Amino acid sequence: MNRREHSGALMHTGPPAWRPRALGGAATDLEIDLRSADRASAVTALLAACVNAPDGAPYDADAVWDWTLNRRLQALIAMRVAAGQAQLALQSHCAACAEQMAIELDLSMFADTPVAAQFHWRATDGTELALRLPNGRDQQRWLRAEGASPQALALALIEPSDGAPTYPDHAALTAMLPALDDAFEAHDPLTALRLQADCPACAHANTIACDLEALILDGFARTQTGMLDDVLQLALALHWSEADIMALPPWRRSHYLHRLKDMEAR
């Protein structure tokens, strides 16, 4: 598998933008509904709980809502990498022969400093637009909206330029949509990630759209489910409360679980 070629470094090149911790280090981690249908809220709650500023101060959830999707995704990647879980599996099918393909991603190769939240773009007809990347609030609003037009979504990301908004008319905006999509992808390739993978069966070169945020969130949800199972097992065996179990460092919970398995195997 090869990542689609884009300009810019793949590895983190600037100072750390945050101090992430692994999921499971606090009792409150069990309170986050990581399987909520409201994905934007789940990501916000997760990042507010597990990612601190470089000086160690916690981020307020309102601030995390205002982060761009790129910044939120980079923080999720940082959490996985910090926990030693940089590897991520992706399942897809070959577009030519329908063979199932298992793709292994190394998230550390996607770790980078977040891209600028605003950028300028010039259309082929000379129209210049000031654009901004979508944030968590945009994502939540769009996921809840039914039948929102592409034009409306695009208009929400056009910013005032030199103190005055520049909005193309409906016909011009409709014509611009494909080029605007390309402009956003060129500026922020990670949020709309496309991967290149050759089919092991027929060697067809596949371009695969990868919703990296959804994959990472699903991985954290699986981790949380495992934590809940561990709490249940320890509670049944030792009659400890959930709060007492989660107050233990992860390595001690792991030790007790292994000892219980050893005792059961005798």
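This is a short talk on the largest pocket and two loop residues in the structure above.

Okay, hi everyone. Just so we're clear from the start, this is a predicted model.

Let's begin with the pocket. The largest one comes out at about 720 Å³. Its lining is made up of 24 residues. If you want to find the middle of it on screen, look for Leu69, Pro134, Trp142, Thr191 and Ala192, which lie nearest the centre. As for which elements build the lining, those giving two or more residues are helix 3 (69–82), helix 4 (136–144), helix 5 (150–155), helix 6 (170–187) and helix 7. And which helix gives the most? That's helix 6, with 6 residues in the lining. What about the chemistry? By class, you've got 15 nonpolar residues, 7 charged and 2 polar.

Right, on to the backbone. There are two residues here I'd like you to click on.

One is Ala203. It's not a glycine, yet its phi is positive, at about 70°. You'll find Ala203 in the loop that runs between strand 9 (193–198) and strand 10 (205–210). Buried or exposed, then? Ala203 counts as exposed, because its relative accessibility is 57% and the cut-off for exposed is over 50%.

The other is His239. Again, not a glycine, and again a positive phi, here about 60°. His239 sits in the loop between helix 7 (212–238) and helix 8 (242–247). Its relative accessibility is 69%, so His239 counts as exposed too. Helix 7, on one side of that loop, is also one of the helices I listed for the pocket lining.

That's me done, thanks.

Technical notes
Residues numbered from 1 in each chain as written. Predicted model: local features only at pLDDT ≥ 70, side-chain atom pairs only at ≥ 80, totals over all residues. Heavy atoms only, no water. Helix = DSSP H or I, 4+ residues; strand = E, 2+ residues; numbered from the N terminus. Buried < 20%, exposed > 50% of the residue type's maximum accessible area, 1.4 Å probe, protein only. 1 Å grid on protein atoms, 1.4 Å probe; cavity = no way out; pocket = protein on both sides within 12 Å on 5 of 7 lines; lining within 4 Å. Points joined across faces, edges and corners; volume = space filled by probe spheres on them. Nonpolar A, V, L, I, M, F, W, Y, C, P; charged D, E, K, R; others polar.
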